[in-house]
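Here is my note on the model you sent round, written as numbered points. Please read each point with the structure open beside it.

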Amino acid sequence: MSPPRPTLLLSVDFEDWHQLIRRRVGASNWREPGPALARETEALLDLFERLDVRATFFVLGMAARAHPQLVKPIVDRGHEIGCHGDAHLPVHTQTPAEFTADLRAARATIEELTGKTPVGYRAPAFSITRAADWAYGVLAQEGFAYDSSQHDSPAIRDRTVPARRAPHRLETGLWEFPVAVWRVRSARIPVGGASYWQLLPTRVLLRGLRNAGSVAGLYLHPYELDPEPLRAMLPADATATQHAHAKLRETQRNGARRRAPGALEAIARRFDLIPYGEAHARLGDGA
Ligand SMILES: [Zn+2]
């Protein structure tokens, strides 16, 4: 008899790459809906269907309002809706009152578009750092049941330490589901993020995921499934510096984009991929 397949949690940070890159470089058209999220969402939903997997989509409020027609089909095709906040600003730069307002704005948008109240949260860029651990109290007060913002990646400064490898309960009662990280001696390799998959051969990636802890989390972004190359398409008034900055990000992101579908397919052949809500429900059953 073959051993049981290990389980990983599958998620998407549902956001509009064009809005975020344009805001990052200071372009004037950043609030406008980007041109690619519809085709990226379709590609993601089709890939998940082909692999017969369901995921949690942590939806960003401002992206959902820019593309209101894209959110309900995610639920209709069997996926869970979580919350990625509203404006995609780091939690550690906000006050508790600002963070509460951001959560409520996102939740109102998600409820209006789907009729569902999200109970899971993921911070933009995993920004619930040590300086912002008050955010867990706010999430519990606001009715959230679980969080997935802890990511022991060397790229994140001032992160919560010591990091735990498995789902665990926080003092606030909230469950925390950490992102997959492969610890090799003193190194930490963030194997849970599709943006890192381009750096690793498939067999190394799979080995890393097998050693990343129990029920660890994976995260993708819609742009990583874009069937076409990413172009920031800045407005006519953009400066040479803005174009250069955007070009650099395009190059980085297009590398991840080419690699993500094949890597996910290889992962799905060897692991059971489930949404976060399903793992949370299993914990509730004492499983
Ligand atoms: Zn994000």
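**Notes on the predicted model**

1. Phe126 counts as buried, because its relative accessibility is 8% and the cut-off for buried is under 20%. Please keep in mind, here and below, that this is a predicted model. Phe126 sits in the loop that runs between strand E4 (120-121) and helix H6 (135-141), and its phi is near 50°, which is a positive value in a residue other than glycine. Most residues other than glycine have a negative phi.

2. Val215 also has a phi near 50°, again positive in a residue other than glycine. You will find Val215 in the loop between helix H8 (202-210) and strand E10 (217-220). Is Val215 buried or partly exposed? Val215 counts as partly exposed, because its relative accessibility is 23% and the class of partly exposed lies between 20% and 50%.

3. Which residues hold the zinc ion as protein donors? They are Glu15, through OE, together with His84 and His88, each through NE2, and these donors lie 2.0 to 2.2 Å from the ion. Along the sequence the donor residues follow the spacing E-x68-H-x3-H. The pair Glu15 and His88 links distant parts of the chain, since 73 residues separate them: Glu15 belongs to the loop between strand E1 (7-14) and helix H1, whereas His88 belongs to the loop between strand E3 (80-83) and helix H5 (96-114).

4. Two of these donors deserve a check of their accessibility. Glu15 is buried, because its relative accessible area is 6%, and His88 counts as buried too, because its relative accessibility is 18%; both values can be set against the cut-off of under 20%.

5. The strand E1 is mostly covered, with seven of its eight residues buried. E1 pairs with strand E11 (residues 272-274) in the parallel sense through three bridges, and within this pairing Leu9 has Ile274 of E11 as its bridge partner. E1 also runs parallel to E10, with four bridges joining them, and here Ser11 stands opposite Tyr219 in E10.

6. A further parallel pairing joins E1 to strand E2 (residues 56-59) over four bridges, and in it Phe14 stands opposite Val59. E2 is in turn joined to E3 by four bridges, with the two strands running parallel, and the bridge partner of Phe58 in E3 is Gly82. If you trace these pairings on screen, you can step from E1 to E2 and then from E2 to E3.

7. How are the two faces of E3 placed, covered or open? Both are covered, for Glu80 and Gly82 on one side are buried, as are Ile81 and Cys83 on the other. As background, side chains in a regular strand alternate between the two faces of the sheet.

8. The largest pocket has a volume of about 1100 Å³, and its lining is made up of 33 residues, with Arg24, His88, Ala125, Arg249 and Arg253 lying nearest its centre. The elements that give two or more residues to this lining are helix H1 (17-24), helix H7 (194-197) and helix H9 (240-270), and H1 gives the most, with five residues. By class, the lining of the largest pocket holds 14 nonpolar, 11 polar and eight charged residues. Note that His88, named here among the residues nearest the centre, is also a donor of the zinc ion.

9. The second largest pocket contains about 250 Å³ of space. Its lining includes Arg130, Asp133, Tyr136, Arg164, His168 and Glu171, and the classes in that lining are two nonpolar, four polar and five charged residues.

10. Finally, please look at Glu142, which lies in the loop between H6 and strand E5 (146-147). Glu142 counts as buried, because its relative accessibility is 12%. Leaving aside residues up to four places away in sequence, Glu142 touches Thr100, Leu103, Arg104 and Arg107.

Note on methods
Residues are numbered from 1 along each chain as its sequence is written. This is a predicted model: local features need pLDDT of at least 70, side-chain atom pairs count only at pLDDT 80 or more; totals for chains, interfaces and linings use all residues. Side-chain values use heavy atoms; hydrogens and water are left out. On a 1 Å grid over the protein atoms alone, a cavity is a set of points where a 1.4 Å probe fits but cannot get out, and a pocket is an open set with protein on both sides within 12 Å along at least five of seven lines; lining residues have an atom within 4 Å of a point. Grid points are joined across faces, edges and corners, and a volume is the space filled by probe spheres set on the points. Ala, Val, Leu, Ile, Met, Phe, Trp, Tyr, Cys and Pro count as nonpolar, Asp, Glu, Lys and Arg as charged, and the others, Gly among them, as polar. Donors are N, O and S atoms within 2.8 Å of the metal (3.2 Å for Na, K and Ca); water is not among the atoms, so sites may look incomplete. Buried means under 20% relative accessible area, exposed over 50%, partly exposed in between (1.4 Å probe, protein chains only). Two strands pair if DSSP finds at least two bridges between them. Contact means heavy atoms within 4.5 Å.
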